[in-house]
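Please examine the sequence and the structure shown below before reading on. The paragraphs that follow lead through the chain step by step.

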Amino acid sequence: MVLELAAIDAAFYLVFLGAAAVLVGIAVLGDPTFPVWGQWVLYGVLAVASMVFFRRKLYDRRWT
């Protein structure tokens, strides 16, 4: 994530994948009995949703 943020022409894909992973980790800390399949589903939903809804806004803000 850090390397992508430091890159000259970052597309911000890894940032949102990493953020989704961190959020799933926080969810598992809150409920340690959270099933592994649920973690994968939550990760997929968060990763796709964040890229669809926030990537363009962040990319436009960074380069304007």
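**A guided reading of the structure**

Val48 is exposed, because its relative accessible area of 51% lies over the 50% that marks an exposed residue. The residue sits in helix H3. Its C-alpha atom is 10.0 Å from that of Tyr13, although 35 residues separate Val48 and Tyr13 in sequence. With this one position located, the whole chain can be considered.

The model is predicted. Its protein chain contains three helices and zero strands, and the order of elements from the N terminus is α-α-α. The mean pLDDT of the chain is 83, and 72% of the residues score at least 70. How is this confidence distributed, and where is it lowest and highest? The lowest confidence in the chain belongs to helix H1 (residues 2-6), with a mean of 66, while the highest belongs to H2, with a mean of 91.

Helix H2 therefore offers a suitable place to continue, as its confidence mean of 91 is given by pLDDT, the predictor's confidence in each residue. Helix H2 spans residues 13-30 and so comprises 18 residues. From its first C-alpha to its last it reaches 26 Å, which is close to the 26 Å expected at 1.5 Å a residue.

Which residues of H2 are buried? They are Val15, Phe16, Gly18, Ala20 and Val24. Two of these may be examined individually. Val15, in helix H2, counts as buried because its relative accessibility is 11%, and a value under 20% is the requirement. The C-alpha atoms of Val15 and Met51 are separated by 9.3 Å, while the two residues stand 36 residues apart along the chain.

Ala20 also belongs to helix H2. Its relative accessibility is 2%, so Ala20 counts as buried. When residues up to four places away in sequence are not counted, Ala20 touches Tyr43, Leu46 and Ala47. Ala20 can also be related to Met51: the two are 31 residues apart in sequence and 9.9 Å apart in space, C-alpha to C-alpha.

The next residue to consider is Ser50, which is found in helix H3. Is Ser50 buried or exposed? Ser50 is buried, because its relative accessibility is 13%. Apart from its neighbours within four places in sequence, Ser50 is in contact with Phe16 and Arg55. Phe16 is itself one of the buried residues of H2.

Attention may now turn to the aromatic rings. The count of aromatic pairs comes to one. This pair is formed by Trp40 and Tyr43 and is edge-to-face, with 6.4 Å from centre to centre and 90° between the planes. Why is the arrangement called edge-to-face? The term applies because planes over 60 degrees apart count as edge-to-face, and the angle here is 90°. Both residues lie in helix H3 (residues 36-62), three residues apart, about one turn of the helix. Trp40 is exposed, because its relative accessible area is 60%. Tyr43, with a relative accessible area of 24%, is partly exposed, because this class lies between the limits for buried and exposed residues. Tyr43 is also among the residues that Ala20 touches.

Finally, some totals describe the chain as a whole. Of its 64 residues, 19% count as buried. The accessible surface comes to about 4800 Å², and 75% of this surface belongs to carbon and sulfur atoms. Among contacts with a separation of 6 or more, 54% are between residues 24 or more positions apart. The contact of Ala20 with Ala47 and that of Ser50 with Phe16 are examples of contacts between residues of the chain.

How values were computed: Residues numbered from 1 in each chain as written. Predicted model: local features only at pLDDT ≥ 70, side-chain atom pairs only at ≥ 80, totals over all residues. Heavy atoms only, no water. Helix = DSSP H or I, 4+ residues; strand = E, 2+ residues; numbered from the N terminus. Expected span 1.5 Å × (residues − 1). Buried < 20%, exposed > 50% of the residue type's maximum accessible area, 1.4 Å probe, protein only. Phe/Tyr/Trp six-rings, centres within 6.5 Å; stacked < 30°, edge-to-face > 60°. Contact = heavy atoms within 4.5 Å. Areas by Shrake-Rupley, 256 points an atom, 1.4 Å probe, with all protein chains shown as cover. pLDDT = per-residue confidence, 0-100.
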